[in-house]
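Okay, thanks for making time, everyone. I'd like to walk you through one structure today, starting with a term we'll need and then going through charge pairs and pockets.

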Amino acid sequence: MLAPVQGAESYEFTHEDDTLLDVAARASVGFIPLHTLNPDVDVWIPPENTRLRLPTDYILPDAPHVGLVINVPELRLYDYTQSADSPTVLAVAVGDIGDQTPIQDFRVGGKRVDPVWNVPESIRAERPDLPAAVPPGPDNPLGDRWLTLGATSYGIHGTNNLWSIGREATHGCVRLYNSDMRALFDRIPIGTPVRIMYQRVKIGQRDGSVFVEAHDDRYDRDFDPLPATLARLVALDALGLVDGGSIKESEVRRVVTESRGIPIRVGRLFQSPAP
């Protein structure tokens, strides 16, 4: 009934001349999730040896543990192809508010090494300096690996801009760090299901406790998830799964409002349900 909390709390220290963008790339996490967890640290000139909390613990999304699952609000991809219980979790960039990543189900429709970027007319209208096609190489924003989403022009691909990962930075595609993308490309066959979803708030359990994880509303699709979150907790209480008396509405409200992007304990279980 409740998804498990997975991953673990971890930290990284800044080096000389680092920015938070450098730390995110070095730790293979997304920039916005990193900054959200460390809001008081200067993005561009953080003091050397600053201890940063990394976004490396999470509740699994409420979706079948099959293929690839991309949850837009948390800027993460879950790869269940190797394990239905312990997915590989990767930071991604998604489309910006004007060119949103489509929220729907796909299958991997094709694979390409060293893809050519055939620049859409809509982008050339914004950037007339761009050619009709960008060949493989350092100027190609697709990186060197591409997975087509269904029969669309959207894809999952690498990048020539490491600093874009963990941000709304694309024209609708899903972008990964190049090392993550190459490994994903090698293990993902054509036909693999891909679910792109929009779940701002997740509820999970670990070691007899109830956790809530909340993320920002990147596409203005879920302005107030608090009522639905509280309703789900009440339903779990009615089923005898959570100790409703230990869960305070004010604490759940705080977690949802702050949307820090990590699991935060809000109460306890009567029993530990199987995920």
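So, the term first: a residue is called buried under 20% relative accessible area, exposed over 50%, and partly exposed in between. And please keep in mind that what you're looking at is a predicted model.

Let's put that to use on Arg254. Its relative accessible area is 32%, so Arg254 is partly exposed. Its partner is Glu258: the two form a salt bridge, with the closest N and O atoms 2.9 Å apart. Glu258 comes out at 39% relative accessibility, so it's partly exposed too. Both residues sit in helix 6, which runs over residues 249-258, and they are 4 residues apart, about one turn of the helix.

Why would two side chains like that end up together? In general, side chains of opposite charge can pair when their charged atoms come close.

How many salt bridges does the structure hold? There are 18. I'll pick out two more.

Take Glu74 and Lys202, whose side chains meet in a salt bridge at 2.9 Å, N to O. Glu74 is in the loop between strand 5 (68-71) and strand 6 (76-79), while Lys202 is in strand 16, so this pair ties together parts that are 128 residues apart in sequence. Now, buried or exposed, what would you guess for Glu74? Glu74 is at 0% relative accessibility, so it counts as buried. Lys202 is at 1%, so that one counts as buried as well.

The other one is Arg187 with Asp79, a salt bridge at 2.5 Å, N to O. Here helix 4 contributes Arg187 and strand 6 contributes Asp79, so the pair links parts that are 108 residues apart in sequence. The two ends have their own accessibility values: Arg187 is partly exposed, with a relative accessible area of 26%, whereas Asp79 is at 0% and counts as buried.

Since we've landed on helix 4, let's stay there a second. It covers residues 178-187, and its buried residues include Asn178, Asp180, Met181, Leu184 and Phe185. Those residues cover an arc of only 155 degrees around the axis, which puts them on the same side of helix 4.

Okay, on to the empty space. Rolling a probe the size of a water molecule over the atoms shows where empty space is left.

The largest pocket holds about 630 Å³ of space. It is lined by 26 residues, and the closest to its centre are Trp117, Pro120, Ile123, Leu142 and His171. Which elements each supply at least two residues of that lining? Strand 9 (117-118), helix 3 (121-126) and strand 13 (168-170) do. Helix 3 gives the largest share, 3 residues. In terms of chemistry, the lining of the largest pocket divides into 13 nonpolar, 7 polar and 6 charged residues.

Then there's the second largest pocket, with about 170 Å³ of space. It has 14 lining residues, and Met1, Leu2, Ala3, Pro61 and Asp62 lie nearest its centre. Strand 1 (3-7) and strand 16 (201-206) each supply at least two residues of this lining. By class, the lining of the second largest pocket has 9 nonpolar, 2 polar and 3 charged residues.

That's what I have, so over to you for questions.

Methods
Residues numbered from 1 in each chain as written. Predicted model: local features only at pLDDT ≥ 70, side-chain atom pairs only at ≥ 80, totals over all residues. Heavy atoms only, no water. 1 Å grid on protein atoms, 1.4 Å probe; cavity = no way out; pocket = protein on both sides within 12 Å on 5 of 7 lines; lining within 4 Å. Points joined across faces, edges and corners; volume = space filled by probe spheres on them. Nonpolar A, V, L, I, M, F, W, Y, C, P; charged D, E, K, R; others polar. Buried < 20%, exposed > 50% of the residue type's maximum accessible area, 1.4 Å probe, protein only. Arc of directions from axis to C-beta. Salt bridge = Lys/Arg side-chain N within 4 Å of Asp/Glu carboxyl O.
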